[in-house]
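I sat down with this one to see who touches whom. Notes follow in the order I looked things up.

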Amino acid sequence: MSYPQPLTPEEALADAKERLSLPRIVVICGSTRFMTEMTEADLRETTAGKIVVKPGCDMKKPHELWSDPVEAEALKARLDDLHRAKIRLADEVLVVGDYIGDSTRAEIAYARFLGKPVRFTHPEVDPDALTYAQNRLRGPS
């Protein structure tokens with residue numbers, strides 16, 4: 001007699017979202033220099049019927065919560081962990097902006113590792129697009 005395999009955490013989350021009839025969840029990623037563009041993307045995704053999560057603060061702008069450099073470094077690490085949790089929660093990723101820095105590149109890689117679809121407001125900055133184009137130029141091996 002075989003028994004059903006228990007659901008993985010990812011499968012359990014997908015099942016719960018389906019049972020709750022939740023709309024698709026999109027997480028916005030990108031440099032915080034594009035916070036204005038992220039707000040616009042949030043508006044567009046929300047009016048398209050999606051639940052949107054995005055970075056909640058811009059540490060490039062002065063604020064008392066990150067005025068101490070030591071505390072700011074610890075906060076950045078916690079925010080990075082929090083954003084990875086948002087990626088795990090989301091059904092898809094939207095990368096905003098025409099620049100991809102190291103943090104955003106790592107978020108894209110993480111999302112793709114998890115099998116999440118990744119869209120770009122500026123597809124030309126997709127780190128995988130360059131690799132794809134280079135491979136096409138080389139032709140078959």
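Before anything else, the cut-offs I need: a residue is buried under 20% relative accessible area, exposed over 50%, and partly exposed in between. Lysine 50 comes out at 21%, so I log it as partly exposed. Note to self: this is a predicted model.

**Entry 1: lysine 50 and its partner**

I looked up who pairs with lysine 50. Its side chain meets that of glutamate 45 in a salt bridge, at 3.2 Å from N to O. Is glutamate 45 buried or exposed? Glutamate 45 counts as buried, because its relative accessibility is 9%. I then followed the charges outward and found a network of salt bridges linking Arg24, Glu45, Lys50, Glu92 and Arg119. The general idea is familiar: side chains of opposite charge can pair when their charged atoms come close.

**Entry 2: glutamate 92**

Next I went to another member of that network. Glutamate 92 sits in strand E3, and with 6% relative accessibility I put it down as buried. What does glutamate 92 touch, leaving out residues up to four places away in sequence? I get Arg24, Ile25, Val26, Val27, Lys50, Pro117 and Arg119.

I also checked one distance through space. From glutamate 92 to isoleucine 28 the C-alpha separation is 8.9 Å, although their positions lie 64 residues apart in the sequence.

Then the charged pair itself. Glutamate 92 and arginine 24 form a salt bridge through their side chains, 3.3 Å from N to O. This pair ties together distant parts of the chain, 68 residues apart: glutamate 92 is in strand E3, while arginine 24 is in the loop between helix H1 (9-19) and E1. The two side chains also show up as a polar contact, again at 3.3 Å. The partners differ in cover: glutamate 92 is buried at 6%, whereas arginine 24 is partly exposed at 41%.

**Entry 3: a pair inside helix H2**

How many salt bridges does a search of the whole structure find? I count 12 in the output. I picked one in a helix to look at. Arginine 44 bridges to glutamate 40, with the closest N and O atoms 2.9 Å apart. Both residues belong to helix H2 (residues 35-47) and are four residues apart, about one turn of the helix. Arginine 44 is exposed, because its relative accessibility is 57%. Glutamate 40, at 36%, goes in my notes as partly exposed.

While in H2 I stopped at threonine 46, which is also placed in that helix. Threonine 46 is partly exposed at 41% relative accessibility. Its C-alpha lies 26 Å from that of lysine 61, and the two are 15 residues apart in sequence.

**Entry 4: the nonpolar cores**

Time to look inside. Nonpolar side chains tend to be buried together in soluble globular proteins. Which residues touch the most other members of the largest nonpolar core? That core has 14 residues, and the answer is Val27, Val93, Val95, Val118 and Phe120. Strand E1 (25-29), strand E3 (92-95), helix H4 (102-113) and strand E4 (118-120) each put in at least two residues. E1 gives the most to this core, three residues. Apart from it I found another core, of nine residues, including Val26, Val52, Leu94 and Val96.

I took valine 118 as a worked example. Leaving out residues up to four places away in sequence, valine 118 touches Val93, Val95, Ile108, Ala111 and Arg112.

**Entry 5: out on the surface**

Last stop, the outside. Leu20, Leu22 and Ile51 make a nonpolar surface patch of about 260 Å². Isoleucine 51 belongs to strand E2 (residues 51-53). Why can isoleucine 51 be called partly exposed? Because its relative accessible area is 32%, which falls between the 20% and 50% cut-offs.

I finished with glycine 115, found in the loop between H4 and E4. Glycine 115 counts as exposed, because its relative accessibility is 59%. Its C-alpha is separated by 25 Å from that of threonine 47, and the two are 68 residues apart along the chain.

Note on methods. Residues numbered from 1 in each chain as written. Predicted model: local features only at pLDDT ≥ 70, side-chain atom pairs only at ≥ 80, totals over all residues. Heavy atoms only, no water. Patch = residues over 30% accessible without salt bridge, like charges linked within 9 Å, V, L, I, M, F, W, Y side chains within 5 Å. Areas by Shrake-Rupley, 256 points an atom, 1.4 Å probe, with all protein chains shown as cover. Salt bridge = Lys/Arg side-chain N within 4 Å of Asp/Glu carboxyl O. Buried < 20%, exposed > 50% of the residue type's maximum accessible area, 1.4 Å probe, protein only. Core = buried A, V, L, I, M, F, W, Y, C linked by side-chain atoms within 4.5 Å. Contact = heavy atoms within 4.5 Å. Polar contact = N/O pair within 3.5 Å; in protein donor to acceptor, adjacent residues only side chain to side chain.
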